[in-house]
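Colleague: Hey, got a minute to walk me through this one? I'm new to it, so keep it plain.

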Amino acid sequence: MQFPPELRYSQEHEWVRVEGDEAVIGLTDFAQHSLGDVVYIEYRSQPGDHVAVGDVVAEVESVKAVSEVFSPVGGELLDTNEDLDGAEELVNQDPYGGGWLLRIRLSDPAQVDALMDASTYQAFVAEQDS
Amino acid sequence: MRLMRTPFYQLHVEAGARLVDFSGWEMPLQFSGILDEHRAVRESVGLFDVSHMGELRVKGPRALDALQVLMTNDVSAMVDGQAQYTVMCLPSGGIVDDLLVYRFAEDDFLICVNAANRQKDLDWVLEHNPFPKGAFVTDESARWAQVALQGRNALPILKGLVDFPLEQVGTYHFTLGAVAGVTGCIVARTGYTGEDGYEIFLSPAGARTVWEALMAAGEPYGIKPVGLGARDTLRLESRYCLYGNDIDHTTSPLEAGLGWVTKLDKTAPFIGKDALRAQKSQGLSRRLVGMVVERRIARPHQDIIANGRKVGHVTSGTRSPSLDLNIALGYVPRPLARPGSRLQVDIRGRLANAQVVRTPFYRRPY
């Protein structure tokens with residue numbers, strides 16, 4: 001299972017990659033593995049919406065289960081990943097790349113510091129899995 | 001309580017399966033992924049561990065008479081070496097379980113029941129056996145491991161591993177023989193996927209030998225081990241009922257579309273007959289229907305809505321990997337049950353459009 005060191009991680013198994021004052025968000029390798037084959041993604045927020053930490057921004061549905069995606073940071077939703085429409089399997093195949101879900105302009109970059117780093121998240125997952 | 005493990009458990013761990021608790025059994029949910037495993041079965045072949053299923057033996061001079069009272073189907077119509085799908089009902093017409101009956105001889109039957117219902121079924125059969133001095137019931141579940149080899153290439157794979165002419169075993173028939181040198185197996189041409197294939201009962205001691213032989217013989221065909229996740233998508237596309245979802249003690253076989261195994265005119269006074277006859281003569285109030293749901297996946301227990309009112313509920317729902325549609329089963333009032341009928345499903349507070357369609361959703365093309 002992959003835990004790229006340059007990312008930050010939430011307890012709800014989202015990852016965040018900071019690019020300037022923007023954040024790209026997706027589901028972690030652990031999350032996609034737990035969900036199994038993703039077949040639907042439904043966004044609850046649209047570009048232009050303001051989202052707060054903990055808001056449900058999307059619903060990701062696999063053959064077996066459905067999971068809500070909580071925004072790990074707050075700010076203006078800039079973009080959702082339209083390439084996933086009809087290619088939802090990218091969430092499974094490339095969770096940290098082509099499977100990204102959202103791009104947000106950070107209202108408070110300090111919120112990112114509250115998230116886990118890769119080694120802390122890896123330990124968190126190991127605990128959850130046992 | 002510690003989870004029970006089938007004789008194939010170690011093989012699943014070695015294969016990297018994701019394991020889940022399924023009615024007290026630690027079973028593989030998936031190996032390579034539900035979609036991949038589903039496709040393997042539809043396009044070629046897959047191998048399932050179904051050892052969690054229960055097996056009850058009914059033997060004795062009145063075994064047939066006892067089964068005629070316990071089962072809704074006409075067990076007397078079977079010949080030696082034949083298998084039959086049936087349900088057992090309560091006096092109310094509700095379903096105790098759905099199961100397969102295998103006839104070895106007029107005085108010797110095996111019945112294969114759902115894992116979750118094994119103890120309940122055993123208790124039920126013992127308590128309602130009308131001829132306890134002539135029909136003897138024993139639980140053989142611990143004696144049998146079971147695999148299902150399913151898909152259009154099941155026959156060529158199994159053919160080379162058995163010591164009898166496999167082509168001569170017709171659909172819903174079985175024979176006794178050796179598989180990969182493991183003697184005393186029951187090889188039945190039955191399944192829960194909608195494909196051609198076999199269910200093989202074997203001694204737990206032969207589990208690894210048989211599994212590895214089938215996987216090796218299946219390799220040229222791209223055989224995959226298949227978990228419970230794809231077992232569910234496969235059975236739902238074929239509209240096979242799942243006990244606990246689509247049928248239970250509150251649903252009758254007539255409502256569930258299982259009238260074809262409910263022989264109301266057989267002479268034996270089977271349990272539930274009067275209630276089911278009354279239900280038939282008064283007309284059913286609801287039916288289990290197949291639906292295609294737009295854009296979202298319906299899940300069990302969600303409300304079915306018509307004209308803004310709740311009219312029923314979903315019992316099973318999934319993405320159909322073969323059809324690329326969202327399919328579901330659910331109970332609706334009879335006037336809404338005809339194909340083309342437009343409904344909605346309340347999916348976590350939002351309504352999705354649905355339409356009643358003919359079932360099965362998928363029918364094998366060969």
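Modeller: Sure, and bear in mind that this is a predicted model. Let's start with one residue in chain B: B:Leu202 touches B:Ala145, B:Val179, B:Val182, B:Cys185, B:Ala207 and B:Val210, leaving aside residues up to four places away in sequence.

Colleague: Which strand is B:Leu202 found in?

Modeller: B:Leu202 sits in strand β12 of chain B, which covers residues 197-202.

Colleague: And does B:Leu202 count as buried or exposed?

Modeller: Buried, because B:Leu202 has 26 C-beta neighbours inside 10 Å, and the cut-off for buried is 20 or more.

Colleague: You listed B:Val179 too. What separates the C-alpha atoms of B:Leu202 and B:Val179?

Modeller: Those C-alpha atoms are 8.6 Å apart, with the two residues 23 residues apart along the chain.

Colleague: OK, new topic. What joins β5(B) to strand β6 of chain B?

Modeller: There are 8 bridges between β5(B) and β6(B), residues 95-105, and the two strands run antiparallel. One pairing is B:Cys89 with its bridge partner B:Ile95.

Colleague: How many residues lie between the strands in that hairpin?

Modeller: The hairpin of β5(B) and β6(B) has 5 residues between the strands, and B:Gly93 takes a positive phi near 95° there.

Colleague: Why is β5(B) called largely enclosed?

Modeller: Strand β5 of chain B spans residues 82-89, and 6 of those 8 residues are buried, so the rest of the structure largely encloses it.

Colleague: Now the helix α7(B). How many of its residues are buried?

Modeller: 9 of the 10 residues in helix α7 of chain B (residues 228-237) are buried, so that helix is also largely enclosed by the rest of the structure. Among them are B:Leu228, B:Arg231, B:Asp232 and B:Glu237.

Colleague: What follows α7(B)?

Modeller: B:Arg239 does, and its phi is positive, near 55°.

Colleague: Let's switch to chain A. How many helices and strands?

Modeller: Chain A has 4 helices and 9 strands. From the N terminus on, they go β-β-β-α-β-β-β-β-β-α-β-α-α. The radius of gyration of chain A is 13 Å, close to the 14 Å from the globule rule for 130 residues, so chain A is as compact as a globular protein of that length.

Colleague: What share of chain A counts as buried?

Modeller: 38% of its 130 residues. Also, among contacts in chain A with a separation of 6 or more, 64% come from residues 24 or more positions apart.

Colleague: Last one: how many residues does each chain bring to the contact?

Modeller: Chain A brings 7 residues and chain B brings 10 residues. On the chain A side, that's 3 nonpolar, 1 polar and 3 charged.

Terms used:
Residues numbered from 1 in each chain as written. Chains lettered and ligands numbered in written order. Predicted model: local features only at pLDDT ≥ 70, side-chain atom pairs only at ≥ 80, totals over all residues. Contact = placed C-beta atoms within 7 Å. Nonpolar A, V, L, I, M, F, W, Y, C, P; charged D, E, K, R; others polar. Buried ≥ 20, exposed ≤ 12 C-beta atoms within 10 Å, placed from the backbone. Pairing = 2+ DSSP bridges. Rg over C-alpha atoms; globule rule 2.2 N^0.38 Å.
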